[in-house]
Amino acid sequence: MKNKLLVFNDKGIYCAQADVYLDPWRPVKNAIITHGHSDHARFGHRYYITHHYNIPILKHRLGDIVVTGKEWGETFTINGVTFSLHPAGHIIGSSQVRVEYKGEVWVFTGDYKTEDDGISTPYEAIRCHTLITENTFGLPAFRWLPQAEVMQDINTWWAQNKAEGRTSVLFGYTLGKAQRLLKYLDSDIGPIYTHGAVENMTEVLRTIVDFPPTIRITQETKKEAFPGSMVLAPPSAHGTVWIRKMTPYVTAAASGWMAFRGARRRRAIDKGFVLSDHCDWQGLLESVKATGAERIICTHGYSDIFSAYLRELGYDAVTENTQYEGDEEEISVGDEKDAEKKEEL
Amino acid sequence: MRNFAALIKTLDSSNKTSVKVEALTEYFLHASDPDKVWTIALLSHRRPPRPVNTTLLRLWASELANIPLWLFEESYHIVGDLAETIALIIPDSKEHSEKSLSEYVGEMIALKSKSEAEKRLYLHENWQMLNYYERFVFTKLITGSFRIGLSQKLMTRALSKAVGIDEDVLAYKLMGDWNPQKITFQKLILEEKSQDYLSKPYPFYLAYAIESEPENLGDVRDWSIEHKWDGIRSQTIIRYGEVYLWSRGEELITDKYPEFQAFVNVLPDGTVIDGEILPYKDGRIGTFGDLQTRIGRKTVTKALLQKTPVIIRAYDLLEWQGKDIRNHPYEERRQLLEELYDAVKDLGLPLQLSERFDMESWEAVTEERMKARELNSEGLMLKRKKSPYLVGRKKGDWWKWKLEPLTIDAVLTYAMRGSGRRANLFTDYTFALWQDKEDGSRELVTFAKAYSGLTDAEFRMVDDFIKKNTLERFGPVRSVTPALVFEIGFEGIALSSRHKSGIATRFPRILRWRTDKKIEEANTIQELKNMIR
């Protein structure tokens with residue numbers, strides 16, 4: 001086979017013809033960044049290219065970086081290679097990267113989901129020859145319910161906790177899940193409080209999306225204010241001193257892993273809502289099909305299993321090692337720890 | 001099934017004991033009598049006979065989900081629970097079944113004798129007529145491995161609240177060999193019938209591990225010391241000319257150990273002994289490994305009886321002359337036990353007395369503990385001389401003081417994703433030790449697997465390392481750059497031809513992550529072998 005358009009090396013996904021990396025995990029010169037999660041957007045690159053929605057997120061997290069913003073579908077050419085960004089539906093600003101050179105088209109999905117969450121620009125399948133796809137939930141055991149049903153369950157849970165005089169503490173990662181939950185929480189039930197890390201990120205995103213009003217939890221927030229309210233916090237706040245102020249409280253987490261009973265038990269939370277920002281099994285299969293790609297490269301998640309199944313369906317599918325995590329809950333966002341410390345003081 | 005599944009969902013989704021007990025009490029107040037009996041049975045590990053084997057379940061579930069069998073197996077491997085995997089993989093349908101728990105159980109019992117085609121049809125129909133949680137519970141009933149995060153003790157507590165009968169009395173009623181297919185709720189719980197109690201054991205009193213130095217327990221003369229034998233904890237009941245043998249798991253195991261029929265007409269009626277079943281041959285206690293040849297054997301052959309004979313080593317006397325003496329002080333019960341033993345010791349019964357010691361100092365106790373490995377005991381039991389025989393695991397009067405495990409420093413070489421609660425992390429590890437090669441260099445040789453012992457935070461760090469340092473993938477297993485050293489603890493060690501290292505360890509587990517050690521500093525296979533007595 002001739003030189004591949006994109007290769008996986010020890011720094012990231014590399015396009016040699018353009019000398020550009022996609023979501024590199026080590027410092028490089030030119031980096032196209034799909035979205036703001038820390039396993040995809042890292043420190044230390046000289047030039048960042050990303051969708052313009054991601055710029056405030058990246059600056060919030062990475063500080064003063066040199067970054068160029070692009071529109072959906074806007075093409076830019078580097079040394080004969082044409083790039084464009086297309087919505088991935090994972091979180092606000094999340095993009096797929098389309099790479100074309102001499103008529104050959106590759107698409108890197110980044111993290112993505114097929115359901116329209118009403119916040120992120122909805123995913124579009126992009127026709128290509130080679131698709132590089134994530135597989136975080138690439139098992140037939142993962143099957144998501146529609147967002148509206150899950151959010152209704154969450155609001156019912158909140159209302160019930162309120163009736164019992166308890167605080168509802170809902171865990172979702174700071175960038176993405178927290179705002180998705182916030183968007184559909186029924187603020188008629190009660191006030192919505194936020195952990196500092198969630199509030200900081202939400203503030204950044206309010207310029208792009210409308211959210212219900214939130215109240216930042218500070219040292220001054222009175223204990224008496226909490227019963228009946230909703231508290232949005234990052235998963236890392238679970239089991240910390242910070243949460244004691246909300247007593248009596250009930251905890252829940254919203255993530256794809258909550259599909260497993262064991263995952264709920266391990267986290268010692270009271271309730272798990274299955275709500276993911278990644279594709280479920282059907283979503284992955286449908287999008288692979290919709291791109292028309294013949295060759296599929298599977299990156300993080302259950303990639304060995306998913307690629308084996310694709311081979312059985314007749315695709316030329318392989319697995320490549322990356323350093324993307326995609327683990328909905330474990331994703332850290334730079335300022336979470338600091339914010340937590342501040343809150344605990 | 002709807003109500004029972006909702007109950008299980010509540011039990012399963014809360015980690016607060018009070019919420020669980022409340023939900024179950026509520027359920028007992030409203031469920032039909034047959035449903036109550038089956039709920040009690042299921043939550044006390046009594047289950048309907050398995051109508052379909054798991055091989056067929058897997059095949060039929062993958063057919064219904066329209067995925068290849070290997071993909072089902074991979075999913076099962078990751079989910080870690082067959083019923084949960086089936087519940088997740090099969091889509092919901094529109095129709096819904098309103099059959100009750102006891103109706104379903106009745107159907108499952110009838111299903112056992114049906115043809116394979118009928119069984120397949122039954123499962124395909126019913127899997128689709130249930131929602132996710134009901135399907136999970138239904139399949140749990142079929143697989144017969146119904147374990148849910150609720151102890152029998154809590155179930156008894158909830159039942160006690162619902163029916164107003166004392167918890168200990170209920171625990172007693174619920175023990176033993178009752179058949180949920182035949183018994184009514186009235187008969188099982190509400191009726192008072194003394195003849196039912198014939199075979200019934202007493203709830204076992206279990207000890208916690210000692211929490212600090214034994215000196216903190218106070219005056220050594222208040223304590224009786226004995227070895228903690230490594231066999232099957234059991235209760236031997238002699239009533240009305242019959243012997244009943246119960247294991248700690250409340251299983252009636254009389255038939256597996258015909259040796260003890262010798263007690264009939266020798267030990268007086270109305271006697272209950274708490275003791276340990278141990279392999280015993282040529283005047284020496286065997287290892288737990290020896291005993292394993294007897295556990296799980298349904299038919300006991302003469303050859304087996306000769307190869308691995310067992311005895312009971314008596315710890316305590318719970319019933320004497322037909323009277324429950326559990327409230328008497330330990331030293332009094334022991335006195336009676338010793339008198340009983342003295343009267344029969346020359347008759348050649350498979351009965352021994354677990355020797356107890358009155359020590360003058362805690363140093364002497366510590367010295368006795370050192371002998372444990374040599375005697376094939378797990379360590380010591382410390383029992384307060386004045387203690388009554390309590391119910392369940394209680395702190396204060398009885399403590400176990402086990403041997404420290406053997407330890408060795410080993411290198412992490414392979415990792416596999418955990419299952420169930422650890423499905424998203426690499427938490428199942430294989431460890432290796434150094435072995436000299438002929439050319440003078442050294443290589444790492446696998447010696448044990450371990451899954452437990454790290455905190456969640458540590459697991460996450462190791463998981464992160466593994467993902468970034470994968471050398472090769474073999475299905476679910478990854479080989480990892482050797483770089484991390486862990487201290488591995490284990491209870492026992494023996495030569496083994498089945499293991500590459502030539503050594504088998506018992507209960508290996510991670511004690512701690514030796515971040516201070518380089519892989520060159522890990523131990524060698526030879527050093528491990530030197531630990532064999």
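Which residues does A:Leu170 touch, not counting residues up to four places away in sequence? Select A:Leu170 in this predicted model and display its surroundings: the contacts are A:Leu181, A:Met230, A:Val231, A:Leu232, A:Ala252 and A:Ala254.

**The nonpolar cores**

Next, extend the selection from A:Leu170 to the core that contains it. The largest nonpolar core has 147 residues, and A:Leu170, A:Val231, A:Leu232 and B:Leu24 are those with the most contacts inside it. Colour helix α3 of chain B, residues 33-43, since the largest share of this core, 6 residues, comes from that helix. Then turn to another core, which lies apart from the largest one and has 38 residues. Its members include B:Ile237, B:Tyr280, B:Ile285 and B:Trp398, which may be selected together.

**Chain A: two domains**

Hide chain B and colour chain A by its domain assignment. Domain 1 consists of 7-141 + 278-331, and domain 2 of 147-275. Placing a marker at the centre of each domain, taken over C-alpha atoms, shows a separation of 29 Å. Select the contact between the two domains: 18 residues come from domain 1 of chain A and 17 residues from domain 2 of chain A. On the side of domain 1 that touches domain 2, the residues divide into 9 nonpolar, 5 polar and 4 charged.

**Chain A: an open sheet**

Switch to a cartoon view and find the 6 strands of chain A that form an open sheet in the order β1-β2-β3-β4-β5-β6, with mixed pairing. The edge strands are β1 (7-8) and β6 (67-70) of chain A, each of which pairs on one side only. Strands of a sheet pair through backbone hydrogen bonds, either parallel or antiparallel. Zoom in on β1(A) and its partner β2(A), residues 13-15: the two pair in the antiparallel sense over 2 bridges. Within this pair, A:Phe8 stands opposite A:Ile13.

**Where chain A meets chain B**

Restore chain B and select the contact between the chains, which takes 24 residues from chain A and 27 residues from chain B. On the side of chain A that touches chain B, α5 (261-266) and α7 (303-312) of chain A each supply at least two residues. The most is given by α5(A), with 6 residues. Colouring this side of chain A by residue class gives 10 nonpolar, 3 polar and 11 charged.

**Chain B as a whole**

Now isolate chain B, which has 19 helices and 23 strands. Its radius of gyration is 26 Å, close to the 24 Å that the globule rule gives for 533 residues, so chain B is as compact as a globular protein of that length. A box drawn along the principal axes around its C-alpha atoms is roughly 75 × 70 × 50 Å. Of the 533 residues, 35% count as buried. Among contacts in chain B between residues at least 6 apart in sequence, 71% join residues at least 24 apart.

**A final stop: B:Thr236**

Select B:Thr236, which lies in strand β4 (residues 232-239) of chain B. Is this residue buried or exposed? B:Thr236 is buried, because 24 other C-beta atoms lie within 10 Å, where 20 or more are required. Not counting residues up to four places away in sequence, B:Thr236 touches B:Val243, B:Leu245, B:Phe260, B:Phe263, B:Ile273, B:Gly275 and B:Ile312. To finish, draw a distance from the C-alpha atom of B:Thr236 to that of B:Thr254, a residue 18 residues apart along the chain; the separation is 8.8 Å.

Conventions
Residues numbered from 1 in each chain as written. Chains lettered and ligands numbered in written order. Predicted model: local features only at pLDDT ≥ 70, side-chain atom pairs only at ≥ 80, totals over all residues. Helix = DSSP H or I, 4+ residues; strand = E, 2+ residues; numbered from the N terminus. Rg over C-alpha atoms; globule rule 2.2 N^0.38 Å. Buried ≥ 20, exposed ≤ 12 C-beta atoms within 10 Å, placed from the backbone. Contact = placed C-beta atoms within 7 Å. Nonpolar A, V, L, I, M, F, W, Y, C, P; charged D, E, K, R; others polar. Domains from an automatic or database assignment. Core = buried A, V, L, I, M, F, W, Y, C linked by C-beta atoms within 7 Å. Pairing = 2+ DSSP bridges.
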